[in-house]
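Hello,

Here is the structure we talked about, for you to open and look around in. My notes on it follow underneath.

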Amino acid sequence: MIEEGTRIIMADGQIKDIADVTVNSYVMCEDGSSSRVTSVSKDVQTVYNVTQRTRHRAYEGEPGRIDPLRRQIYQRLEINCTATHRLNLRTLTKPTLENSFKRNHYVVKWKRMHNVTTIDGRVISIPKIHHKDFLMTPEGEVAAKLFLTQLQEEFGPQFNYNLELRDIDYLSTQICQTTMLHYTPLLTGNGILSEFLTGQKHLITPYTLSMAWLLGLWLGDGTTKKPEISVDSIDTNLMHSLIQLGSLWGLDAVYKECPVPLRAKHVRLYYGKGSPKERKFRKDNIFWNILLDLRFKREDDGVKQIPEFMWTEDVEIREALLAGLIDSDGYVMKTTPNSDIFIVSIPTIYPSIMEGIVNIARSLGMTATVTTKSAKQNVIENRQIQCKFAYECTISGKTSLQNVLSYCRSGLKHREPPEEVIRNPVYFGFNIEPSSQKNTVGLAIEDNKQILLENKICIPVCTKQCEKEQPKLTVTKNLKQCIACPRKGVRYFYKDWTGDHRVCARCHGRYKFSGHRCLNCKYVPEAREVRKAVAKGPKAIVSPDGIVVRGLECIRCSGILVFDEIRGPKKINASPNPIMAI
Ligand SMILES: [Zn+2]
Ligand SMILES: [Zn+2]
Ligand SMILES: [Zn+2]
């Protein structure tokens with residue numbers, strides 16, 4: 001069963017709450033085909049949150065403490081389902097050759113699918129790790145390498161299998177680390193824009209593509225009051241393209257020269273040529289009508305948005321819209337010279353545009369993440385400028401993104417199209433945490449296929465097991481909590497000041513180099529936070545046992561920071577005990 005409120009993609013590209021799906025309607029499957037819903041059931045069951053493992057540090061450090069808006073991780077991939085619902089997993093098989101100097105052996109480790117009996121007597125098939133020792137001699141090394149290549153041929157690069165959520169606990173921690181869920185590119189589309197423009201769905205012509213590009217450009221740099229787009233005049237390619245592509249639709253791109261010429265030109269898109277009275281601006285202007293009728297301007301408050309139908313548009317239309325957005329607001333980041341990966345960053349202040357960019361990028365087979373920037377006052381060329389809270393969408397991909405950039409018109413952003421566009425599913429690691437009792441919905445479909453959630457995650461439909469709440473008998477194991485930050489993890493915990501392995505890699509790194517930690521909340525400050533504390537000067541507090549402790553102030557809890565001299569930049573190895581400043 002899947003939690004009510006989870007949105008899934010229907011066969012026609014519409015996005016629907018799973019609770020509103022009815023029997024005999026059609027849902028979209030992983031491969032883009034459609035399948036009939038044969039049954040819908042509802043129940044109240046315990047829900048588990050399966051969330052994407054990210055490297056965001058939203059809860060750590062200063063930015064998140066100062067600006068609560070930055071604590072949230074935006075557009076994190078997730079599934080909320082019950083303990084008995086199946087997940088489609090992939091585990092990398094890659095066999096390894098390790099040196100075990102302790103035992104004076106080479107060890108080859110590999111994985112194989114095994115049948116295991118659960119506590120409640122079901123037989124499940126999961127990957128398990130095997131290992132074989134070889135003598136640490138030249139002959140032993142040859143034999144180990146030969147064995148390794150044999151394994152690689154036998155097992156291929158990965159195992160794909162379905163497993164009930166509650167049974168993931170039977171995977172060893174090492175296997176958990178290499179086990180992933182995936183989302184998949186969407187290869188079919190709804191053709192709504194084409195139908196609106198031409199009366200016929202799925203027409204991919206220079207005309208429909210140019211309109212999608214113009215819409216993207218407006219979403220980036222347009223004004224919401226009128227059909228007007230500001231364009232950097234130095235970028236002559238971009239200005240020229242706007243005039244040329246606009247003319248395909250009878251749009252006349254005109255801008256007035258100000259007395260003091262500004263770099264950014266406000267280009268108005270008039271419909272029809274002729275005297276100022278004959279041409280249309282806000283009335284009967286095809287471009288303005290699209291913005292209003294297809295809801296690129298939100299109905300209630302007129303704010304810019306990427307309407308939801310765009311997320312499941314035809315592939316080429318999605319690409320052209322994204323290219324327009326990149327042409328206006330995005331920048332192409334430098335990657336290493338021989339890399340075939342492209343990275344583009346698009347900042348926006350509108351949540352709905354951020355959401356649209358992420359969804360469209362993922363639907364084209366790219367990865368997308370969102371970071372944030374706090375609102376602040378900036379001075380640019382002696383003018384006070386109020387910068388609003390902004391989202392920074394970073395998308396990356398190989399040929400999939402290269403193809404989008406081939407639609408771009410700006411000289412700096414345009415790239416040659418790839419010979420072939422390859423769109424593969426994108427895999428990601430995940431964590432599972434129990435939630436509470438929730439309303440859940442179960443679906444069954446005619447074909448033996450997986451359905452697609454709004455975020456393009458593929459998930460199998462329900463089985464008989466799903467009907468009633470089943471107990472989750474095992475406990476999720478080994479989730480260790482870092483003592484210095486809210487990070488939870490499975491592996492890689494390091495020695496703290498007491499000598500126990502209790503801090504995460506990140507806190508350990510900071511502690512190793514700065515040597516500072518808080519006596520009260522155990523927080524390990526960043527170098528800049530230490531500098532700030534030093535600038536503020538030391539203070540004194542009375543500890544619970546009546547001793548006056550002097551030291552720098554902890555930025556997080558106003559406690560006292562101590563400096564352990566065995567750590568830090570000029571560490572001395574003499575004293576194993578932390579030295580306190582008293
Ligand atoms: Zn289910
Ligand atoms: Zn930590
Ligand atoms: Zn503290």
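Let me start with Lys265: setting aside neighbours within four places in sequence, this residue is in contact (heavy atoms within 4.5 Å) with Ile229, Ser230, Val231, Ser233, Met239, Tyr255 and Glu257. Lys265 belongs to strand β15, residues 264-271; helices (H or I, at least four residues) and strands (E, at least two) are DSSP runs, numbered from the N terminus. Lys265 counts as buried because its relative accessibility is 8%. For that scale, buried means under 20% relative accessible area, exposed over 50%, and partly exposed in between, with a 1.4 Å probe and protein chains only.

A word on the background: this is a predicted model, in which local features need pLDDT of at least 70 and side-chain atom pairs count only at pLDDT 80 or more, while totals for chains, interfaces and linings use all residues. Residues are numbered from 1 along each chain as its sequence is written, chains are lettered from A and ligands numbered from 1 in the order in which they are written, and side-chain values use heavy atoms, with hydrogens and water left out.

Now to the zinc ions. Donors here are N, O and S atoms within 2.8 Å of the metal (3.2 Å for Na, K and Ca); water is not among the atoms, so sites may look incomplete. Four donors count as tetrahedral if all angles lie between 85 and 135 degrees.

The zinc ion (ligand 1) has Met1 (N), His85 (ND1), Cys462 (SG) and Cys466 (SG) as its protein donors, 2.0 to 2.3 Å away. Their spacing in sequence is M-x83-H-x376-C-x3-C. Met1, in the segment before β1 (2-3), and Cys466, in the loop between β25 (458-459) and β26 (480-481), are 465 residues apart, so this pair links distant parts of the chain. The site is tetrahedral because the four donor atoms subtend angles of 94 to 121°. Met1 is buried at a relative accessible area of 2%, and Cys466 is buried at 1%.

For the zinc ion (ligand 2), the protein donors are Cys482 (SG), Cys485 (SG), Cys504 (SG) and Cys507 (SG), at 2.2 to 2.3 Å. They follow the pattern C-x2-C-x18-C-x2-C, and the site is tetrahedral, with angles of 106 to 115° among the four donor atoms. Cys504 is buried, at 3% relative accessible area, and Cys507 is buried, at 0%.

The zinc ion (ligand 3) is held by the protein donors Cys518 (SG), Cys521 (SG), Cys554 (SG) and Cys557 (SG), at 2.2 to 2.3 Å. Their spacing is C-x2-C-x32-C-x2-C, and angles of 105 to 114° make the arrangement tetrahedral. Cys554 is buried at 2% relative accessibility, whereas Cys557 is partly exposed at 27%.

Finally, two backbone details. Most residues other than glycine have a negative phi. Gln75, in the loop between α1 (61-66) and β6 (78-82), has a positive phi near 60° and is partly exposed, with a relative accessible area of 23%. Arg295, in the loop between α7 (286-293) and α8, also has a positive phi near 60° and is partly exposed, at 41%.

Enjoy exploring!

Best wishes

Note on methods. Four donors count as tetrahedral if all angles lie between 85 and 135 degrees; four count as square planar and six as octahedral if opposite donors are over 155 degrees apart and all others between 65 and 115; anything else is irregular.
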